[in-house]
Amino acid sequence: MLTFKDIVKSYEEDVLGPISIDIKNKSFVSIIGPSGSGKSTFLRLASGLIKQSSGLIGYNDNLKPKMGFVFQDSNLLPWRTVLDNVLLPLELTKEDKSKSIEKSLKWISRVGLGGKEDSFPNELSGGQKMRVSIARAMVQEGSLLLLDEPFSALDEVTRRRLEDDLLEIWKTNNITILFVTHSVTQAVYLSERVLVMSSGPGVIIEDLLINKKIDVGFEGTHEFLSQVKHLTDILRNEGI
Amino acid sequence: MYRYLSFIAPLLTFLVLLIFWEFLVNYNKVPLYILPAPSDIFLSLIVNYKDLFSSAFITLRITLFAFSIASSLAILLAILFSQSRLIELSLYPIAVIFQVTPVVAIAPLILIWVGFDNAEYAILILATIVAFFPVLANTNLGIKSVNENLHELFSLYGAGRYQRLVKLQIPFALPFILTGMKTSIGLSLIGTVVAEFVAGSGTSTGLAWRIIEAGNRLDIAKLFAALILLVILGIFLFLLISYIEKIVLKRWHDSSNI
């Protein structure tokens with residue numbers, strides 16, 4: 001469980017909060033909202049990259065879990081090969097080298113890039129780079145995966161493939177996913193739960209549990225469309 | 001096609017200019033002590049090859065030495081800057097002062113301090129000062145240009161200062177460092193030549209000294225021959241660093257494909 005209790009983040013002025021929310025283990029939660037609503041700040045607070053101005057963030061057993069972060073841009077190190085990029089988190093945490101290589105190769109293969117281990121990022125397509133970024137985020141096999149608008153720069157076909165791959169990774173690895181997106185349809189398609197944030201300073205104005213009776217073909221169902229409409233109406237009322 | 005053209009076009013232009021120069025000098029019967037024809041310069045290069053090439057070697061040796069010292073010191077200092085804002089604030093203005101002070105103006109001082117018997121050391125110091133700043137400024141810029149998200153990625157995995165420096169900042173700065181080096185190698189040569197000029201005749205036997213000597217004797221063909229060797233040296237040094245850049249950045253940086 002990840003718990004936010006009365007969290008406020010301020011720089012010169014408040015950018016986020018107050019927010020109080022519990023995120024259940026192994027859930028897939030999307031966060032949508034207008035630009036400047038503090039969605040990315042929410043993720044950075046959850047990851048511990050920035051500190052809250054007030055309030056409490058709690059993790060399971062009060063232990064910060066191992067986690068991966070996927071940025072909007074793939075953020076690969078261009079001087080490192082695919083394998084070396086995926087190895088990076090394990091190198092930084094000084095894990096055993098041979099086991100690290102084994103894990104990295106497994107994740108490279110898992111994201112469908114087997115055979116590309118020795119390629120450099122500038123030899124990959126946008127979608128392939130994002131796959132490497134996901135493999136890098138997952139290689140520590142942590143319990144929390146944070147994604148900050150990871151597919152926004154990709155074409156439709158690649159985006160759809162990556163969405164399905166992400167769902168598969170979530171289902172088979174028992175991880176909690178926090179997913180920031182601008183796309184209402186993407187949020188409804190992927191998540192079990194969608195949080196809608198208001199314009200800055202962002203607070204949660206809607207907390208919707210997604211009603212998903214079927215996985216395959218969900219996008220064509222009445223439930224899908226009505227939930228997309230519901231969230232779109234909320235965002236529209238927010239003046240977006 | 002364009003690849004060959006980019007090589008052939010300037011070569012042909014250069015050849016046409018040389019032929020035109022040869023023709024003008026011979027047609028107007030310009031005296032040798034005013035403007036020698038290219039053929040006279042070529043002849044002088046052959047006749048004086050021993051003097052000129054040994055001088056070119058001396059200039060090259062000092063240039064490479066100065067460049068190596070300047071680059072190493074500049075990279076170390078930029079790394080130091082990245083570790084301490086206080087050190088950067090304290091030392092960067094001094095580096096700028098050295099950069100903006102004309103080398104000719106401080107050359108006499110350096111010569112006096114080092115001693116006229118050790119003119120070669122004075123030349124080395126002056127060339128190092130001239131070559132230092134571009135590498136410092138570029139390395140500093142490169143280290144500071146690291147994307148904030150990459151810093152966050154390293155923070156997420158608890159990277160220490162050393163890991164951040166070695167695995168992120170220095171590799172990220174590499175293209176910047178090499179760009180600084182490309183400027184710096186040319187400045188090392190210029191610094192060496194200027195310092196040789198200031199050190200004066202009799203104290204050094206680099207190419208600049210040969211130019212002074214030839215000028216004093218109105219041996220303009222030899223002067224041109226020394227000048228040509230200097231140009232060749234400059235081009236060689238630039239190509240050398242460009243080649244190193246290509247090898248180092250090989251597959252991962254777009255600039256290596258230019």
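1. Start with a strand pair. In this predicted model, β8(A) and strand β9 (residues 204–209) of chain A run antiparallel and share five bridges. One position shows the pairing: Val196(A) stands opposite Glu206(A) of β9(A). Six residues lie between the two strands, and together β8(A) and β9(A) make a hairpin.

2. β8(A) has another partner. Strand β3 (residues 28–32) of chain A pairs with β8(A) in the parallel sense, over four bridges. Here, too, one pair can be picked out: Ile31(A) has Leu195(A) of β8(A) as its bridge partner. So look at both senses when you trace β8(A): parallel with β3(A), antiparallel with β9(A).

3. Is strand β8(A) enclosed or open to the outside? Five of the five residues in β8(A) (residues 193–197) are buried, so the strand is largely enclosed by the rest of the structure. Buried here means under 20% relative accessible area. Both faces are covered. On one side sit Arg193(A), Leu195(A) and Met197(A); on the other sit Val194(A) and Val196(A). Note that the buried set includes Arg193(A).

4. Now step back to the whole chain. The domain assignment splits chain A into domain 1 (2–65 + 144–237) and domain 2 (76–142). Domain 1 is therefore written as two stretches of the chain, and domain 2 as one. The C-alpha centres of the two domains are 25 Å apart.

5. How many residues of each domain are in contact? From domain 1 of chain A there are 14, and they touch eleven residues of domain 2 of chain A. The size of an interface is often given as the accessible area lost when the parts come together. Between these two domains, about 1,000 Å² is buried, and carbon and sulfur atoms give 71% of that area. Three residues stand out: Leu145(A), Leu162(A) and Ile169(A) supply 39% of the area that domain 1 buries against domain 2, more than any other three residues.

6. Polar links across the boundary can be counted too. There is one salt bridge between domain 1 and domain 2 of chain A. One residue pair is in polar contact across this interface, with both residues at pLDDT 80 or more. As for salt bridges in the chain, Arg131(A) forms one with Asp165(A), with the closest N and O atoms 2.5 Å apart.

7. Which elements build the domain 1 side? β6 (144–148) and α5 (156–173) of chain A each supply at least two residues of the side that touches domain 2. The largest share, eight residues, comes from α5(A).

Notes: Residues numbered from 1 in each chain as written. Chains lettered and ligands numbered in written order. Predicted model: local features only at pLDDT ≥ 70, side-chain atom pairs only at ≥ 80, totals over all residues. Heavy atoms only, no water. Buried < 20%, exposed > 50% of the residue type's maximum accessible area, 1.4 Å probe, protein only. Pairing = 2+ DSSP bridges. Domains from an automatic or database assignment. Contact = heavy atoms within 4.5 Å. Buried area = accessible area lost by both parts, 1.4 Å probe. Salt bridge = Lys/Arg side-chain N within 4 Å of Asp/Glu carboxyl O. Polar contact = N/O pair within 3.5 Å; in protein donor to acceptor, adjacent residues only side chain to side chain.
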